[in-house]
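Work through the exercises below with the sequence and the structure at hand. Each task is followed by a solution in steps.

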Amino acid sequence: MEQQNSLSTEKVNISTQKLLGGIGCVSMLLGSIPGIIGNILSLLGIIFWLISLYQISKKIKKPEIFDKIIKGFILGILGFIIAFIFWSISYISFYSRSIRGEEGLSFGMYVGLFIAILIVYVSFIAYSYFQKEAYKILALATNHNLFNTAGLFMYIGAITSILIVGLVIAFIGMIMLTVAFFTAPDEIEIENE
């Protein structure tokens, strides 16, 4: 242990956790492969990514990193569930109209689809905001600003996702996050309490 300004510090090795995070990000990127293989890769990627961030936040004594990631993740999942419910209700409305022989889309279906899209959009922004904040803390703790840049790109991508270019920006942010995990330092210095 070293003494600096009367605060003791220690070096913490996060090489395994950053490798796990990088592999998780690669798997999530490969999750865009259609079919069951893409779904499995995406699910494994999410699990690795969450484990990595949980362990890093514990090792570097910054629990707020994982707290923000989990808040965003839960908001994202809830948003998709609620959007699915609205979409289902509007689809059932359309299907029941077609069984009765009525033609055309009902106003309720348009409203349901609009609400579902709006909920997905807002939850994607909320999810990305919490990620951005977590990666900002991680960037400061590891002295590796690429985490901050990746989080910012994903957040800007979420806000502009209503346009196709936003999804490209978010994808670039995810690639940056992958690179950030693989290029982060293996050891970081933390202050003891």
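**Exercise 1: Two helix pairs**

Helix 5 passes helix 6 in a left-handed crossing. The model is a predicted one.

Task: Determine how helix 5 and helix 6 are oriented to each other.

Solution. Step 1: the axes of helix 5 and helix 6 come within 7 Å. Step 2: the two axes cross at roughly 165 degrees. Step 3: angles over 145 degrees count as roughly antiparallel. Helix 5 and helix 6 are therefore roughly antiparallel to each other.

Task: Do the same for helix 1 and helix 6, and list the residues that meet.

Solution. Step 1: the axes of this pair come within 7 Å and cross at roughly 155 degrees. Step 2: the cut-off is again 145 degrees, so helix 1 and helix 6 are roughly antiparallel. Step 3: helix 1 passes helix 6 in a left-handed crossing. Step 4: from helix 1, the residues in contact are K18, L19, G21, G22, I23, C25, V26, M28 and L29. On the helix 6 side they meet F171, M174, I175, L177, T178, F181, F182 and T183.

**Exercise 2: The nonpolar core**

Task: State how many residues the largest nonpolar core has, and which elements supply them.

Solution. Step 1: the largest nonpolar core has 32 residues. Step 2: W49, L53, I60, Y135, F147 and L177 have the most contacts inside this core. Step 3: at least two core residues each come from helix 1 (15-30), helix 2 (36-59), helix 3 (63-99), helix 4 (107-142), helix 5, helix 6 (164-183) and strand 3 (187-191). Step 4: helix 4 gives the largest share, seven residues.

Task: List the contacts of W49, leaving aside neighbours within four places in sequence.

Solution. W49 is in contact with G24, C25, M28, I69, F73, Y127, Q131, Y135, L177 and F181. Two of these partners, Y135 and L177, are also among the residues with the most contacts inside the core.

**Exercise 3: Buried or partly exposed?**

Task: Classify S52, Q131 and F153 by relative accessible area, then give their contacts beyond four places in sequence.

Solution. Step 1: buried means under 20%, and partly exposed runs from there up to 50%.

Step 2: S52 lies in helix 2. Its relative accessibility is 0%, so S52 counts as buried. S52 touches Q17, K18, L20, G21 and F181. The C-alpha atoms of S52 and T16 are 8.3 Å apart, although 36 residues separate the two in sequence.

Step 3: Q131 is found in helix 4. With a relative accessible area of 4%, Q131 is buried. Its contacts are W49, I69 and M154.

Step 4: F153 belongs to helix 5. At 30%, F153 is partly exposed. F153 touches I169, A170, I172, G173 and M176. From F153 to S128, 25 residues away along the chain, the C-alpha separation is 9.3 Å.

**Exercise 4: Confidence**

Task: Find where confidence is lowest and where it is highest in the protein chain.

Solution. Step 1: the chain averages a pLDDT of 87, and 88% of the residues score at least 70. Step 2: the lowest confidence is in strand 1 (residues 2-4), with a mean of 45. Step 3: the highest is in helix 5 (residues 146-159), at 95. Step 4: where pLDDT is low, the predicted coordinates should not be read in detail.

Terms used: Residues numbered from 1 in each chain as written. Predicted model: local features only at pLDDT ≥ 70, side-chain atom pairs only at ≥ 80, totals over all residues. Heavy atoms only, no water. pLDDT = per-residue confidence, 0-100. Helix = DSSP H or I, 4+ residues; strand = E, 2+ residues; numbered from the N terminus. Core = buried A, V, L, I, M, F, W, Y, C linked by side-chain atoms within 4.5 Å. Buried < 20%, exposed > 50% of the residue type's maximum accessible area, 1.4 Å probe, protein only. Contact = heavy atoms within 4.5 Å. Axes fitted to C-alpha atoms, helices over the stretch in contact; angles between N-to-C directions. Parallel < 35°, antiparallel > 145°, perpendicular 65-115°, else oblique. Left-handed = near helix turned anticlockwise from the far one by under 90°.
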